[in-house]
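Me: I have a structure to look at and some questions about it. Please keep the answers short and show the reasoning.

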2 protein chains.
Amino acid sequence: MVFYMIGLGLGDEKDITVKGLEIIKSCDEIYLEHYTSILGVEKEKLENFYGRQLIMADREMCEEGIDKILEDLSKIPEKNIAFLVVGDPFCATTHSDTYLRAIELGIKVEVIHNASIINAIGSTGMQVYRFGEIVSIPFYTEKWRPYSFYDKISANIKHGLHTLCLLDIRVKERTDENILKNKKIYEPPKYMSCQVAIEQILEAESVNKTGSVNKNTKCVAVARVGFSNQLIKAGTLEEFLTYDMGGPLHSLVICANELHPIENDMFKYFSKK
Amino acid sequence: MVFYMIGLGLGDEKDITVKGLEIIKSCDEIYLEHYTSILGVEKEKLENFYGRQLIMADREMCEEGIDKILEDLSKIPEKNIAFLVVGDPFCATTHSDTYLRAIELGIKVEVIHNASIINAIGSTGMQVYRFGEIVSIPFYTEKWRPYSFYDKISANIKHGLHTLCLLDIRVKERTDENILKNKKIYEPPKYMSCQVAIEQILEAESVNKTGSVNKNTKCVAVARVGFSNQLIKAGTLEEFLTYDMGGPLHSLVICANELHPIENDMFKYFSKK
């Protein structure tokens, strides 16, 4: 038995690798993880292209149900399972955990890598070798406004590095009320926009007063990287407070204070677009 | 006219995406960049799989000859060119430059992303969100022993972050003598091993005495990531001084001092392998 963890890349059904596609076609069961990211196409389009049915794996299944799936798999030597992940399979912690659980059960695991936002962000022209620690910006709520991500942005800027900001995704979330009542009623998905991310960054600065960023700090906003309607736009934080990047997913690069010559040319190019 | 920049991923001919393969089959000319990284297969195998001939693009062509290629392309509306890059197209600075030159000539550029070591390093179990600045370790020579990469490793460790070390590749290099004599005689390719990288890191520490690393510092060595004979091995720096990871390419993760629980489990798993 083999448990294949296959990256789907970022855009549509054709961003899978040839190797990944061949494996999918040969597997007995195919799961699609669909809560840490989204592709630009619907499940049905993937199914038509693969010629196979997909089992949707939401957060509950990935965190709780996967044990059962792996245990069953470990008992059937001739069975193979494919576990499809948007981007690259190792860009979410949960998946390392799944990898280990499979190994412990004596299952052979094979990983098929693909593009993820972590390398595709290079298409902004900001050099991948000049990025510091990645940050995840969570949606602020009325009571919960954590600023720890901002410390990381500040540290990166201090060291002359860019910051890739991954913006919050809320899929299959329940309200506090529904959790308390144990009701499986889910809120509609929420994807943070660059606009909201920048509002939160500027709030963090106004509270922390590190002086790391201000309204004129350079940034590059990206939307739908790898999709046919991908958008890359460079400007200042202030400019993006009123700029609509369109549908999800958005990510944001907070630039280092100094840009290298080619980065600067790329920045200018994406400012005009 | 379109200039397609297509990532080939890391391993073999089947790591290209379905989209990338369709584009290659439709292009008039196909260049293969082959000096910033290597695949696990020969040119001929790629050509057979694509059903197309490849033009090899070495450093000279990428840095000097590409202008002519793009200028010619800009004059032929019906012509399309594919430029193939091992890994992801934007993981080398030269390629941002090529992108800009094409744009300036009014050529439409399309980028097809793929996996690169920058995200595939997640398969070590070290979380991609806990990496600091990437470092490139150059081969020391008798006279040239730069330690600046070590400052970055030290800074990452100080901030509790892992460091991805990319190890030097010397392809189509000429000796000083041959450069002076203007002779185009090239040395055989040289790829830095994890062993050599660690010797250089320990030398940098012995000179700089920052105390950031010592022989017991944890690291994860990887060789041929994405190849069918990929090797991932965890241990201390000292252990790798005498451990042979086999053929190129090698990369190295210098771990943060503290590992998260799942990272720790992955570390243990890769220690035993």
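Reply: This is a predicted model. A place to begin is A:Thr98, which touches A:Phe3, A:Cys62, A:Ile66 and A:Leu70 when neighbours within four places in sequence are left aside.

Me: Is A:Thr98 buried or exposed?
Reply: A:Thr98 sits in helix H4 of chain A, residues 93-104. Its relative accessibility is 1%. The cut-off for buried is under 20%, so A:Thr98 counts as buried.

Me: Which residues of chain A does the UniProt annotation "binding site" cover?
Reply: The annotation comes from an unreviewed UniProt entry. It may be inferred rather than shown by experiment. The residues it covers are A:Leu10, A:Asp88, A:Ser116, A:Ile117, A:Leu167, A:Val225 and A:His250.

Me: Where is A:Leu10 found, and is it buried or exposed?
Reply: A:Leu10 is in the loop between strand E1 (2-7) and helix H1 (18-26) of chain A. Beyond four places in sequence, its contacts include A:Ser116, A:Ile117 and A:Val225, and the UniProt annotation "binding site" also covers these three residues. With a relative accessibility of 13% against a cut-off of under 20%, A:Leu10 counts as buried.

Me: The backbone nitrogen of which residue lies 3.1 Å from a polar side-chain atom of A:His250?
Reply: A:His250 belongs to strand E12 (residues 250-254) of chain A, and it is buried at a relative accessible area of 7%. Leaving aside neighbours within four places in sequence, its contacts include A:Leu167, A:Met192, A:Ser193 and A:Cys194. The backbone nitrogen at 3.1 Å is that of A:Cys194.

Me: What is the area buried between chain B and chain A?
Reply: The size of an interface is often given as the accessible area lost when the parts come together. Here the contact takes 46 residues from chain B and 46 residues from chain A. Carbon and sulfur atoms give 65% of the buried area, which is about 4,200 Å².

Me: How many salt bridges are there between chain B and chain A?
Reply: One of them joins B:Asp12 to A:Lys19, with the closest N and O atoms 3.2 Å apart. That distance fits the cut-off of within 4 Å. The count between the two chains is 6 salt bridges.

Me: Which element gives the largest share of the side of chain B that touches chain A?
Reply: The elements that give two or more residues to this side are helices H1 (18-26), H4 (93-104), H5 (117-120) and H10 (261-272) of chain B. The largest share is 6 residues, and it comes from H4(B).

Methods
Residues are numbered from 1 along each chain as its sequence is written. Chains are lettered from A and ligands numbered from 1 in the order in which they are written. This is a predicted model: local features need pLDDT of at least 70, side-chain atom pairs count only at pLDDT 80 or more; totals for chains, interfaces and linings use all residues. Side-chain values use heavy atoms; hydrogens and water are left out. Contact means heavy atoms within 4.5 Å. Buried area is the accessible area (1.4 Å probe) that two parts lose on being put together, summed over both. A salt bridge is a side-chain nitrogen of Lys or Arg within 4 Å of a carboxyl oxygen of Asp or Glu. Helices (H or I, at least four residues) and strands (E, at least two) are DSSP runs, numbered from the N terminus. Buried means under 20% relative accessible area, exposed over 50%, partly exposed in between (1.4 Å probe, protein chains only). A polar contact is a pair of N or O atoms within 3.5 Å; within protein, one must be able to donate a hydrogen and the other to accept it, and residues adjacent in sequence count only if both atoms are side-chain atoms.
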